[in-house]
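Visitor: I would like to be shown around this protein step by step, please, with the reasoning behind each answer.

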Amino acid sequence: GCEGVTPAGTECEITTTLYDQFGNIIPLSEAGALTYSVTDGLYSEATNMYFADNVGTWQLSLTTGIGLSDSITISTGHGAMDSLEIVPSAWDLTADEVIFMNTTRIDIQGNRLPVSLPLENWTFVSDGAVNITFDHPVQWIPTGLGGRVITAQYETISASITVNVTKGVMTGMALVVDSADANDQSYSLTADETLQVKAKATDAKGNRWTIDVNWTVSHPSWSDQSVLLYTLSDETEFMPQLASDIPYMIYAEYTSGDVVFSESVSATVSEGILQIFTMNSIASTGDSSTAYNISADEHVDFSVSLSDGDLNALDASRLTWLFEDLNSGSVVDMTSSFEADAYHWEATTVGSYRITAFVVNADGFNYSKQVDLSVYHGVAVSLDHALDTLSEDAGESIDIAITGTDSDGNTFPQDVEWTEDGTTSSRIVPRADVGAYTYQASVAGEHVMVYSTPGATNTFDLSIQPQMVVAYLEVALSKTTVDQQASIDITVEAKDMFYNPIPVPSSARVDSTGRGTVKELGPGQWRVTTLDSGPQTITVTAGQVSENLEIEVTGTFGGFFAAGGVLYYIGAVLVGLIAVVLLVLLVMALRSGRDDDDWDDDYDEDEDEPAPARGPSGPAPGTGPSGPAPGTGPSGPGPSGPPPQEEEKEDTSWMVEHRVDDDGTEWAQNEDETWYYREPGQTDWIIWED
């Protein structure tokens with residue numbers, strides 16, 4: 001019986017059989033007394049049952065009274081589980097250490113079986129971590145301090161152990177302010193407040209415990225350690241007195257073994273309640289005041305001082321800066337930009353302004369200061385002009401207004417210096433208002449006007465037209481001494497009252513004494529052909545202006561006869577005939593004395609008459625006559641040639657223009673611009689019609 005492995009705590013049946021020498025079963029009683037023995041476990045002869053106890057391989061032996069014996073081997077295995085045992089390598093450890101845990105299965109007979117539990121069988125661990133390595137005991141790595149419970153389960157049975165964890169080796173120090181870590185933290189407080197700091201040691205797992213440390217305070221302007229309530233304790237209280245933007249450094253120092261730990265917190269201390277406020281200002285002109293009158297090119301720098309009752313300087317950034325336009329009443333908060341500009345105010349737009357700084361202290365009291373500023377325009381950096389017109393007649397005036405613009409864009413009337421065509425102008429006359437001028441037009445033409453200040457310049461062009469009224473005449477003669485019947489060319493230039501050249505009007509005329517004839521060659525051009533010898537006068541008339549010029553006409557043989565008329569020519573013929581007769585008689589006398597002599601007598605007499613100047617030919621201008629001649633025009637026969645001196649001179653007062661064509665046709669125009677003509681040999685004037 002008891003084949004295989006019998007679990008501890010269970011029974012198995014044993015059967016005893018007696019055989020003879022031939023293998024026949026015989027009654028057991030014939031064996032005599034039976035004696036059983038077993039190396040482990042219990043055997044009951046009454047029940048023939050074997051009770052397994054300890055795990056192992058055991059021998060069950062039998063001896064009989066007749067001397068027979070036998071034995072069997074019984075294997076006992078682990079029985080039903082009764083408990084789980086967890087045994088740590090140490091029950092007390094530091095947070096820096098680890099423990100190894102062996103687990104054992106114990107059955108109901110107390111047989112022990114070491115078992116390895118997988119990670120999921122570790123059902124509860126207070127903190128830390130379980131680490132399982134193959135073929136090694138389970139490892140537990142602690143974290144926190146104090147008793148730590150570890151629970152595992154095998155089959156259906158759980159077991160727990162409690163180990164005690166103490167702090168590890170100190171690896172750091174923590175400063176605590178208001179229950180929060182404060183290492184390297186910065187705090188702000190007023191001179192009326194305090195800062196409480198505590199010190200804690202820490203191990204590698206972050207466990208903390210209280211330690212007494214050395215406390216010190218450091219500041220560039222403060223060395224008195226009395227501002228610390230304790231200098232050797234697990235905590236201290238910082239009680240500042242001097243306000244400072246530079247942080248106070250509060251240090252905690254502790255030595256553990258050979259290691260020195262040091263940590264710090266910083267605190268900036270602001271001032272107490274505001275009680276004193278001063279403001280100063282200075283303009284770029286060097287003036288310091290609370291009311292300024294400056295140009296838009298200037299600036300004002302401000303400085304302020306705030307302090308508490310102990311003269312601790314307060315931060316000026318708590319001030320609010322207002323900029324008020326006194327003309328419009330608008331108010332703008334300029335705090336941000338003004339602080340960014342370091343309290344530097346640049347004047348820009350012309351006007352009246354007020355800058356106000358104010359602050360309300362903790363008690364609700366308002367402190368304020370203000371500065372008034374009146375800004376006028378700066379120096380012109382550009383110039384502009386406004387004119388009535390850019391084109392005008394001589395003798396008229398042009399009003400000019402000059403505007404300057406400063407670097408801030410303010411525009412304003414601006415006095416300037418003037419040049420005209422590169423030289424100082426005498427035609428620019430200042431008016432009473434600033435930047436106001438009058439240009440007295442006189443010289444005709446295109447004029448470049450330049451006006452400037454030391455910092456700016458500009459220019460414009462003026463076009464001045466002459467007056468079309470003749471004030472002066474300039475007459476040039478091609479010669480002043482001529483022979484009879486010779487011609488003199490006359491060039492006439494008309495000038496207005498400012499001596500500007502103007503076109504010679506069509507009504508201009510030229511008259512000559514000594515029966516000289518006048519032909520118009522073109523605008524401002526005439527030709528006078530002389531007749532009588534001696535001093536003569538040429539008169540040029542345009543409008544109300546006349547010029548008389550004296551010439552000398554030298555007598556000639558031909559001119560003598562031309563001036564004398566028909567009788568002079570008849571007398572000349574008679575004298576010629578007498579001369580011919582005398583010459584023939586002389587020739588005949590000479591031939592009678594000298595037959596061999598020949599003589600030639602060539603006599604040529606050429607009479608050159610100056611060609612008349614080319615006058616207008618063809619039809620009159622498009623403004624020719626379209627109606628009858630005016631009542632002031634000619635009504636009878638007109639002159640047909642140089643009249644005898646004894647005849648009455650023709651009335652030409654109605655003519656505003658007169659000229660003669662190359663074919664001898666005369667043209668005349670009256671004040672109504674009606675044209676008349678008469679052909680050579682005619683005496684009456686005829687209206688010309690298109």
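What follows is a conversation about this structure, which is a predicted model.

Visitor: How many helices and how many strands does the protein chain have?
Guide: Before counting, it helps to know that the protein chain holds 690 residues, of which 36% are buried. Among contacts between residues at least 6 apart in sequence, 56% join residues at least 24 apart. As for the elements themselves, the chain has 3 helices and 60 strands.

Visitor: Which strands stand at the edges of the open sheet with the order 1-9-8-5?
Guide: This open sheet has 4 strands, and their pairing is mixed. A strand at an edge has a single partner strand, so one of its sides is left without a neighbour in the sheet, and this applies to strand 1 (5–7) and strand 5 (34–38).

Visitor: Which residue in strand 8 is the bridge partner of threonine 35?
Guide: In general, strands of a sheet pair through backbone hydrogen bonds, either parallel or antiparallel. Strand 5 and strand 8 (residues 56–64) run antiparallel and are joined by 5 bridges. For threonine 35, the bridge partner in strand 8 is threonine 63.

Visitor: How many residues apart in sequence are the parts that cysteine 2 and cysteine 12 tie together?
Guide: A disulfide joins cysteine 2 to cysteine 12, with an S to S distance of 1.5 Å, and the link is right-handed, with 90 degrees about the S-S bond. Cysteine 2 lies in the segment before strand 1, whereas cysteine 12 lies in strand 2 (residues 11–13), so the parts that the pair ties together are apart in sequence by 10 residues.

Visitor: Is cysteine 12 buried or exposed?
Guide: A residue counts as buried when its relative accessible area is under 20%. Its disulfide partner, cysteine 2, has a value of 8% and is buried. Cysteine 12 has a relative accessibility of 10%, and therefore cysteine 12 also counts as buried.

Visitor: How many residues does the largest nonpolar core have?
Guide: The residues with the most contacts inside this core are Ile294, Phe302, Leu319, Trp321 and Trp345. Several strands each supply at least two of its residues, including strand 29 (274–283), strand 31 (299–308) and strand 37 (366–376). Tryptophan 345 touches, among others, Ile294, Phe302, Phe338 and Val375. The number of residues in this largest core is 29.

Visitor: How many residues does the other core, with Met173 among them, have?
Guide: This other core lies apart from the largest one, and its members include Met173, Ile211, Trp222 and Val227. Its number of residues is 27.

Methods
Residues numbered from 1 in each chain as written. Predicted model: local features only at pLDDT ≥ 70, side-chain atom pairs only at ≥ 80, totals over all residues. Heavy atoms only, no water. Pairing = 2+ DSSP bridges. Disulfide = S-S within 2.5 Å. Buried < 20%, exposed > 50% of the residue type's maximum accessible area, 1.4 Å probe, protein only. Contact = heavy atoms within 4.5 Å. Core = buried A, V, L, I, M, F, W, Y, C linked by side-chain atoms within 4.5 Å. Lists of a residue's contacts leave out its neighbours within four places in sequence.
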